[in-house]
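Me: I'm new to this structure and would like a friendly walk through it, one question at a time. Please show me the sequence and the model before we begin.

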Amino acid sequence: MSVSVQQADFDAGAEIAALSAGRDDVGAVASFVGLVRADKAARVGADGTAAVQAMTLEHYPGMTENALQEIVTQAEARWELLAVRVIHRVGRLLPGDRIVFVAVASSHRGDAFAACEFIMDYLKTRAPFWKKEETPAGGRWVDARESDDHAAGRWDAGK
Amino acid sequence: MTVKILFFAGLREALGTGTEALALPDGVATAGGLRDLLAARGDPWSALATTRNLRVAVNQQMVGLDAAVKSGDEVAFFPPVTGG
């Protein structure tokens, strides 16, 4: 299990390959890559025409890494996982840039799929990152979305 | 001994500072009490009272506003997180 918070980009293919390198018990690797989207008109309300030109990710150094580790530990308690990799970028990112990577290795796909989604859902609501968007109209902190709370909450009621 | 207080994101910008060391006065024993103490300074500190769904972490663990706070703790206030 490995967690990184970094400015640098990552190579998703290399990260996925590393999860099963040198072992023959992995039957499934599920992965997720989150990207900066330029067109967020649907979620910005009245000034919805302002396209995102760049985004800066702020975080809480120290707590961030601990929070991600804690989320992975919870996933490991729920499912049979063989390896987990989480990378979250911080700093200034441009549309199309990769922001976040989660990959989960397991013996079978069911656990890998579920744990990957669980980690992303919990990360969205529990890891201390904040996005500030740059638009032609100026800077704007992204509002938290209730749908993210609902997505994380459905895991509380069981699988 | 003091508490180390941290602010992040839009709250940090509104307050114009990201960190403060404060001697905890008698009678302030919870994160919510500390929030109220700071907010009572008036603008811009009232942002601590008006931020929707204000989150708090004590010693880097997300907790409720009723969580205990004591000298030596690190207390962070911030808006709901928006990573991923």
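Me: How much area is buried between chain A and chain B?

Reply: Some groundwork: residues are numbered from 1 along each chain as its sequence is written, while chains are lettered from A and ligands numbered from 1 in the order in which they are written. This is a predicted model, where local features need pLDDT of at least 70, side-chain atom pairs count only at pLDDT 80 or more, and totals for chains, interfaces and linings use all residues; side-chain values use heavy atoms, leaving out hydrogens and water. Buried area is the accessible area (1.4 Å probe) that two parts lose on being put together, summed over both. Carbon and sulfur atoms give 56% of the area between chain A and chain B, and the total is about 1800 Å².

Me: Which residues of chain A lose the most area to chain B?

Reply: Contact means heavy atoms within 4.5 Å, and 25 residues of chain A are in contact with 18 residues of chain B. Three residues together account for 36% of what the chain A side buries: A:Y60, A:M63 and A:W130.

Me: Which residue of chain A does B:R12 meet in a salt bridge?

Reply: Side chains of opposite charge can pair when their charged atoms come close. A salt bridge is a side-chain nitrogen of Lys or Arg within 4 Å of a carboxyl oxygen of Asp or Glu, and the count between chain A and chain B is two. For B:R12, the distance is 2.4 Å from N to O, and the partner is A:E58.

Me: A:E58 is an interesting one, then. Which residue in β7(A) stands opposite A:E58?

Reply: Strands (E, at least two residues) and helices (H or I, at least four) are DSSP runs numbered from the N terminus, and two strands pair if DSSP finds at least two bridges between them. Six bridges join β3 (residues 54-59) of chain A to β7(A), and these strands run antiparallel. Opposite A:E58 stands A:W130.

Me: How many residues of β7(A) are buried?

Reply: Buried means under 20% relative accessible area, exposed over 50%, and partly exposed in between (1.4 Å probe, protein chains only). β7(A) also forms a hairpin with β8(A), with two residues between them. The strand β7(A) is largely enclosed by the rest of the structure, because the buried residues among its seven number five.

Me: Which residue of chain A is in contact with B:L6?

Reply: B:L6 is found in strand β1 (residues 3-7) of chain B, and it is buried, at 10% relative accessible area. Leaving aside neighbours within four places in sequence, its contacts in chain B include B:G18, B:E74 and B:F77. From chain A, its contact is A:Y60.

Me: In what order do the four strands of the open sheet in chain A lie?

Reply: The pairing in this open sheet is mixed, and the order is β1-β4-β6-β2. The edge strands, each pairing on one side only, are β1 (2-6) and β2 (28-35) of chain A. The twist averages 5° from one strand to the next, and the order, once again, is β1-β4-β6-β2.

Me: At about what angle to β6(A) does helix α1 of chain A run?

Reply: Axes are lines fitted to C-alpha atoms, for helices over the stretch in contact, and angles run from 0 to 180 degrees between N-to-C directions. Helix α1 (residues 12-20) lies across β2, β4 and β6 of chain A, and its angle to β6(A) is about 20°.

Me: Which residue joins A:D9 and A:R98 in a network of salt bridges?

Reply: The closest N and O atoms of A:R98 and A:D9 are 2.7 Å apart. This pair links distant parts of the chain, with A:R98 in strand β6 and A:D9 in the loop between β1 and α1, 89 residues apart. The other member of their network is A:R89.

Me: Which residues of α4(A) are exposed?

Reply: In helix α4 (residues 146-153) of chain A, the buried residues are A:D148, A:A151 and A:A152. They fall within an arc of 95° seen down the axis, so they line one face of the helix; the arc is that of the directions from the helix axis to the C-beta atoms. On the other side of α4(A), the exposed residues are A:E146 and A:H150.
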